[in-house]
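Visitor: Could you take me on a close look at one part of this protein? I would like to see how a sheet is put together and what lies around it.

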Amino acid sequence: MKKIFILFSFLVMTNLLANEKLFIIERETNSVAIVEDEQKISTMHDMGNTNHSLIKFDGDKGFIISRDGYIIKFDNNTERIEARYKTSNSAIGFTIGKKYVAVANYDDTSVDILDKDLNLIKKIQTGSRNVGIKIYKNYLVFAQMDSDILSVYEDITKGEKLPDFRLVKDFKNVGTMPFDAMIKDNKYIAGFFKSSYFGTIDLDTMTYKKVQIYLSDRKLVLKVPHFGLWSISNNKVFVPAVGDNKVLVYDLDFNFLKNIEIEGLPVFTSLNPDQRYLAVTHSGDKFPVVQIIDTQKLKIIKRFEFKGKVLHLRWSKQTPNLYISVNDTNSVAVISSKNWKIVNQIENIEKPSGIFLYKKKDR
């Protein structure tokens, strides 16, 4: 009976691994490595400048944005490129709607609206670098970095046809140098490089307010390079404190709860699927270090140090494993949260950085 149970457990784990496909940015070779069953199986080439590339999935299609302004569509299963469009000389982010893809451009100061086959529908000229692009219902929201404006556009077709975006409102003088943003329910939350607060738009009432951030009894000037580095659980917000050896913990209303002291300057925080553990990466001389925080006890429970810079990490959605890009060793380490041991090393990934997970259709 015990042997049967072990065999059954093995088969279940094997099936879970088989349904998860990893697309890993190879930072310096303009390519993306494909990993299945924790082994590299292939490489997608000619993906533009992959320094800081981002991948998003839409059904069985994937989209990647390159640093040199290309948006590329590919099939997640065949890994074949299906379309390519150059929006500008430098693009920073994108989002996927029901019938469109919207790209925020740095270089030619515009936002491009494309159909799903990457044909241009409309170019919104802003005269500014554009960042923090998000979708809420029929609204497209983004920040104009050089103009200190948060812009809200509405698709007047309500998603029934190819979009026709019209300006709803420009929120002006919101803060100095907005950079990134996130959506939490109906709130668009923008961070600033040179203002000591967040800005929030209530997209139901179209009202704006500033949210001061406090740390104990003194105001914290918090510069937020990327909101993608934050982690939001069901009852807490974990924020890497830029320039300080801390992870800041808030409730969902941004009431301060606690500082968690860490050993270096934090870069990424990442929650595992059941929100019990938070993985933290560092910069500078602590680049090779990853620390694990227990989110219930709010304390560090494990530390790992690798032979090279850790550029990104991602928790599996189907197994207890954490994938870690170790850039200098051309490998991705696999750590199990069951025993906190390195259980595998995925080799031959050229200068890995961003890790993106695609769940294949059930067999």
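Guide: Happily; here is a walk through one sheet, with a few stops elsewhere for context. This is a predicted model, in which local features need pLDDT of at least 70, side-chain atom pairs count only at pLDDT 80 or more, and totals for chains, interfaces and linings use all residues. Residues are numbered from 1 along each chain as its sequence is written, and side-chain values use heavy atoms, with hydrogens and water left out.

Confidence comes before detail. The mean pLDDT (the predictor's confidence in each residue, from 0 to 100) is 89 for the chain, and 89% of its residues reach 70 or more. Residues 5-14 fall below 50, and beyond near neighbours in sequence this stretch has three contacts in the model, a contact being heavy atoms within 4.5 Å. Where pLDDT is low, predicted coordinates should not be read in detail.

Now to the sheet. Four strands form an open sheet in the order β4-β5-β6-β7, with antiparallel pairing. Strands here are DSSP runs of E with at least two residues, numbered from the N terminus, and two of them pair if DSSP finds at least two bridges between them. β4 (54-58) and β7 (81-86) stand at the edges with a single partner strand each, so one side of each has no neighbour in the sheet. On average, neighbouring strands are turned by 20° against each other, direction ignored; the axes are lines fitted to C-alpha atoms.

Inside this sheet, β5 (residues 61-65) and β6 (residues 70-75) run antiparallel and are joined by five bridges. F63 has K73 as its bridge partner in β6.

F63 also leads us to I96, a residue of strand β8 (residues 91-96). I96 and F63 are 33 residues apart in sequence, yet their C-alpha atoms are 9.0 Å apart in space. Leaving aside neighbours within four places in sequence, I96 is in contact with K56, F57, D58, F63, K116 and I135.

For context, another open sheet of four strands has the order β26-β27-β28-β29, again with antiparallel pairing. Its edges are β26 (266-271) and β29 (299-305), each with a single partner strand, so one side of each is left without a neighbour in the sheet. The twist there averages 25° from one strand to the next. β26 is joined to β27 (residues 277-282) by four bridges, the two strands running antiparallel, and L271 has L278 as its bridge partner in β27.

Terms used: Axes are lines fitted to C-alpha atoms, for helices over the stretch in contact, and angles run from 0 to 180 degrees between N-to-C directions.
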